[in-house]
Amino acid sequence: MIHLYDTARKEVVLFEPGELVTLYSCGITPYDSAHLGHAQVYLTFDILQRRLRDLGHETRCVRNVTDVDDDILRKARELGVHYLDLAAEEIARFDRDMDALGLIPSWSEPRATSAIPEILTLIGAVLDSGNAYQSGGAVYFDVSTFPRFGEVSHFDHQTMLEMAAEHGGNPEDPNKRNPLDFVLWQPSLADEPAWESRWGPGRPGWHIECSALVLRELGETIDVHGGGRDLVFPHHECETAQSESATGAAFVRHWLHIGLVGLDGTKMSKSLGNLVFVGDLLQQWEPAAIRLALLSHHYRPDWQWTDGDMRVAADRLSAWRAVGATSPADGPGTDEWPAGEVATGVPLGSDEDGLWRVRAALDSDLDTPAALAALDDEAALGRPVVQGAALLGVTL
Ligand SMILES: [Zn+2]
C-alpha cells in the first residue's frame with residue numbers, strides 16, 4: 001500500500017489506483033539543456049512507476065513538450081533560428097540525457113504544436129460552458145466563474161496575484177476582467193507563429209496545452225499529475241479550472257509536486273545562470289551514480305546540490321557493488337550474523353531483505369533516502385543488494 005503526499009489535500013494519503021495508472025508530468029520547454037531540477041522531477045515519476053509496476057500495475061506516464069511559448073520564441077529570436085529547429089535539437093538532447101539516466105520511457109511525449117486542433121476544441125468548450133470570454137483579440141478564462149479556483153495551491157488572493165505576475169500571468173493586462181484571469185488563446189506578435197481560429201489568428205496560452213494533452217492522451221480524469229513545485233501556481237491551478245469547466249469531471253486524483261533543486265543557496269534556474277546540467281555530469285560520472293545522488297534527497301522539500309553529492313553517491317555505488325555478487329554460499333556463516341537477523345525469515349546472504357526494505361521505504365511517500373540507508377545497512381552486513389538497487393533503477 002503506497003502512501004503519497006497530495007498537494008491539494010495537503011497530507012500524506014493512501015494512494016489506491018486501479019490496475020492501470022495514468023500519470024502526466026509537465027515536460028520541458030526545449031530551449032536549453034536539462035538541469036538537475038528537471039532530472040529530479042522525472043526521476044520521481046520514474047521511481048513511482050517502478051514501484052507501481054513492481055506491485056503489478058500498468059503505468060502510462062505522459063510528458064509533454066512545450067514547443068511554443070514565450071521562452072522558446074524569445075530564445076529562437078536571440079539565436080536567429082526557427083523555433084521548431086531549436087526545439088528539435090533540444091528535445092533530442094533532453095531525451096538522450098533522460099535515457100542515459102535510465103528513466104522508463106514516456107508512454108507518449110506529445111508536443112504542444114501537435115495539439116492545436118484539440119486546444120481549439122477545448123477552448124470552445126470552456127467558452128460554451130460560460131467560463132471564458134473574448135477580449136482584445138484573446139480568450140481569457142474567467143476565474144470568477146470557478147469557485148474552486150485556489151483549491152490545488154491553497155494560496156491566498158494576494159499570493160496568487162504575486163505569483164501570476166512572476167510567472168508571466170500579466171495581471172495588469174487591461175483586457176482582463178479580473179487580474180487572475182488567464183489566457184487561453186492570444187494574438188501572436190508579428191514574428192511569432194500563428195494558427196487560424198474562430199477568435200482570430202493566434203497561439204495558445206501556456207496552460208491550455210497540458211489540459212488538451214491530458215484529455216487527448218489519457219482521458220478526463222487522471223491518477224497522478226505533477227511536476228516541479230513551482231508549477232503548482234499558476235500552471236496547475238489554471239489547468240484544473242479550465243479542464244473541469246470543460247469536462248465537468250474531476251481532473252486529477254492525486255497531485256505530486258517535487259521540490260526545487262538549488263545551488264549555493266539559490267534556486268537553480270535559467271535566469272540566474274546557476275545550472276548544473278545533466279549532460280555535463282554524464283561526462284564525468286556514470287549514470288547510476290547520478291541517480292543515487294538525486295535519490296539521496298527526498299523528492300518533496302527543496303534542497304541544495306553540492307559537488308560532494310557525486311562523490312558520496314559514487315562511494316555508495318562501489319560499496320553496494322562490493323557485495324553485489326555475493327551468493328548466499330559466499331556470505332558470512334550463520335554465527336557471524338548479528339542477533340535478530342535470523343528471525344526475519346529471509347535466507348541468510350540473500351538480498352530479499354534489502355528489496356523488502358526498499359519497498360517499505362518507497363511506500364512511505366517515496367522515501368528514497370530511507371531506501372538508500374536500508375541498502376547501506378544491508379551492504380554493511382555483507383548482504384548483496386542487487387534486487388533493492390534494481391527497484392531503484394540502479395543496476396549493480
Ligand atoms: Zn503542464
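The secondary structure of the protein chain, in this predicted model, comes to 13 helices and 13 strands. Its radius of gyration is 23 Å, close to the 21 Å that the globule rule gives for 396 residues, so the chain is as compact as a globular protein of that length. Along the principal axes, the C-alpha atoms fill a box of roughly 80 × 45 × 35 Å. Of the 396 residues, 44% are buried. Among contacts between residues at least 6 apart in sequence, 73% join residues at least 24 apart.

**Helix α4 and its partners**

Helix α4 spans residues 116-128 and packs on helix α7, residues 232-247. The angle between them is about 75°, with the axes 8 Å apart. That makes α4 roughly perpendicular to α7, because angles of 65 to 115 degrees count as such. On the α4 side the contact involves Leu-122, Ala-125 and Val-126; on the α7 side, Gln-242, Ser-245 and Ala-246. These residues divide into four nonpolar, two polar and no charged.

The axes of α4 and α6 come within 9 Å and cross at roughly 100°. This crossing also makes α4 roughly perpendicular to α6. From α4, Glu-118, Ile-119, Leu-122 and Ile-123 take part, and they meet Ile-208, Glu-209, Ser-211, Ala-212, Leu-215 and Arg-216 of α6. By class, the contact of α4 with α6 has six nonpolar, one polar and three charged residues. Leu-122 is listed in the contact with α7 and again in the contact with α6.

Helix α6 (residues 208-217) is mostly covered, with nine of its 10 residues buried. Among the buried residues are Glu-209 and Glu-217, along with Ile-208, Ala-212 and Leu-215. Just after α6, Gly-219 takes a positive phi of about 115°.

Helix α7 contains Pro-234. The peptide bond joining Phe-233 and Pro-234 is cis, with omega about 0°.

**Helix α11 and the residues after it**

Helix α11 covers residues 352-363, which is 12 residues. From its first C-alpha to its last it reaches 17 Å, close to the 16 Å expected at 1.5 Å a residue. Its buried residues are Asp-353, Gly-354, Leu-355, Arg-357, Val-358, Ala-361 and Leu-362. An α-helix has 3.6 residues a turn, so residues three or four places apart point the same way. What covers the buried residues of α11 includes α1 (36-54), α12 (368-380) and α13 (386-391).

Ala-373 is found in α12. Ala-373 and Val-358 are 15 residues apart in sequence, and their C-alpha atoms are 9.2 Å apart in space. Ala-373 is partly exposed, with 14 other C-beta atoms within 10 Å, whereas Val-358 is buried.

Just after α11, Asp-365 has a positive phi of about 55°. Leu-366 lies in the loop between α11 and α12.

**Positive phi at Asn-170 and Leu-366**

Two residues other than glycine with positive phi are set out below.

| Residue | Phi | Location | C-beta neighbours within 10 Å |
|---|---|---|---|
| Asn-170 | about 50° | loop between α5 (157-166) and β7 (182-186) | 16 |
| Leu-366 | near 50° | loop between α11 and α12 | 23 |

Leu-366 counts as buried because 23 C-beta neighbours lie inside 10 Å and the cut-off is 20 or more. Asn-170, with 16 other C-beta atoms within 10 Å, is partly exposed.

Methods
Residues are numbered from 1 along each chain as its sequence is written. This is a predicted model: local features need pLDDT of at least 70, side-chain atom pairs count only at pLDDT 80 or more; totals for chains, interfaces and linings use all residues. Helices (H or I, at least four residues) and strands (E, at least two) are DSSP runs, numbered from the N terminus. The radius of gyration is taken over C-alpha atoms; the globule rule is 2.2 Å times the number of residues to the power 0.38. A residue is buried if 20 or more other C-beta atoms lie within 10 Å of its own, exposed if 12 or fewer, and partly exposed in between; C-beta atoms are placed from the backbone. Two residues are in contact if their C-beta atoms, placed from the backbone, lie within 7 Å. The expected span of a helix is 1.5 Å times one less than its number of residues. Axes are lines fitted to C-alpha atoms, for helices over the stretch in contact, and angles run from 0 to 180 degrees between N-to-C directions. Angles under 35 degrees count as roughly parallel, over 145 as roughly antiparallel, 65 to 115 as roughly perpendicular and the rest as oblique. Ala, Val, Leu, Ile, Met, Phe, Trp, Tyr, Cys and Pro count as nonpolar, Asp, Glu, Lys and Arg as charged, and the others, Gly among them, as polar.
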